[in-house]
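Look at the model below with its pockets in mind. The text then turns to one serine and its surroundings.

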Amino acid sequence: MTDLAPLWVGPSTPAVHAPAGASAVFLDRDGVLNEVRGDGTTALSPRTLDDLRIVPVAPDAAARLRAAGYRLVVVSNQPDIARGAMTRATAVAVMCRVVDALGLDGAYICPHEGSDGCWCRKPRPGMIEAAIEHLGLDRDGSWLVGDRWVDVAAGASAGLRTVLVETPYSWDASGGASPHDAVAPTMRASDVAHAAELIVEATR
């Protein structure tokens, strides 16, 4: 794959939830906002719109974070695009449905495999950095919520506080890379609703 930039997916109706300069909560998608395919022990992304199942607590979690003044941006690795298992058009359609269903400010998709050498695939912080610049976000007050060590590492590299939604696959290798001892979340949560609760309580 020669194009090493991430894909931006905006909402169908532009969100006006907070002014420029607001803090954000960056959200991994699969396993946080939508269910993974299979038995939940492996991070398998939905490959079609029919595969997509929004996590039941996600709408309330998003609403709670919006009410607290955060902008909400998805940052999601989708290597199935590079592997030929899903088209870009399908990946964008699935992401659009999540963004619109939860009233989010938008999403960045990394369409690359680990071997592509891009700057956006987590654990690199490229998608976060792009969103901060694109949306004029306040880094210092922002958080990242994810279910894998690559999310935590990306958030920490960008200077964010992080919440790990713990799953059976949270510490599995990703894209040929394994976690190192320095990767540690600020907080741990059972699901995205718990993560939202922790973030709101921590910033009161």
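What follows describes two pockets and one residue of a predicted model.

The largest pocket has a volume of about 390 Å³. Its lining counts 25 residues, and those nearest the centre are A43, S45, N77, P79 and R148. Two elements that each contribute at least two residues to this lining are the strand β3 (71-77) and the helix α4 (149-157). By character, the lining of the largest pocket comprises twelve charged, seven polar and six nonpolar residues.

The second largest pocket holds about 160 Å³ of space. Lining this pocket are 13 residues, with G31, V32, N34, E35 and V55 closest to its centre. The lining of the second largest pocket splits into six nonpolar, five polar and two charged residues.

The serine is S170, found in the loop between β6 (161-165) and β7 (187-189). Is S170 buried or exposed? S170 has a relative accessibility of 1%, and because buried means under 20%, S170 counts as buried.

Which residues surround S170? Apart from neighbours within four places in sequence, S170 is in contact with D147, R148, W149, L164 and V165. Among these contacts, R148 is also one of the residues that lie nearest the centre of the largest pocket. L164 and V165, also in contact with S170, fall within the range of β6 (161-165). Closer in sequence, the side chain of S170 reaches the backbone nitrogen of T167 at 2.8 Å.

How values were computed
Residues numbered from 1 in each chain as written. Predicted model: local features only at pLDDT ≥ 70, side-chain atom pairs only at ≥ 80, totals over all residues. Heavy atoms only, no water. Helix = DSSP H or I, 4+ residues; strand = E, 2+ residues; numbered from the N terminus. Buried < 20%, exposed > 50% of the residue type's maximum accessible area, 1.4 Å probe, protein only. Polar contact = N/O pair within 3.5 Å; in protein donor to acceptor, adjacent residues only side chain to side chain. Contact = heavy atoms within 4.5 Å. 1 Å grid on protein atoms, 1.4 Å probe; cavity = no way out; pocket = protein on both sides within 12 Å on 5 of 7 lines; lining within 4 Å. Points joined across faces, edges and corners; volume = space filled by probe spheres on them. Nonpolar A, V, L, I, M, F, W, Y, C, P; charged D, E, K, R; others polar.
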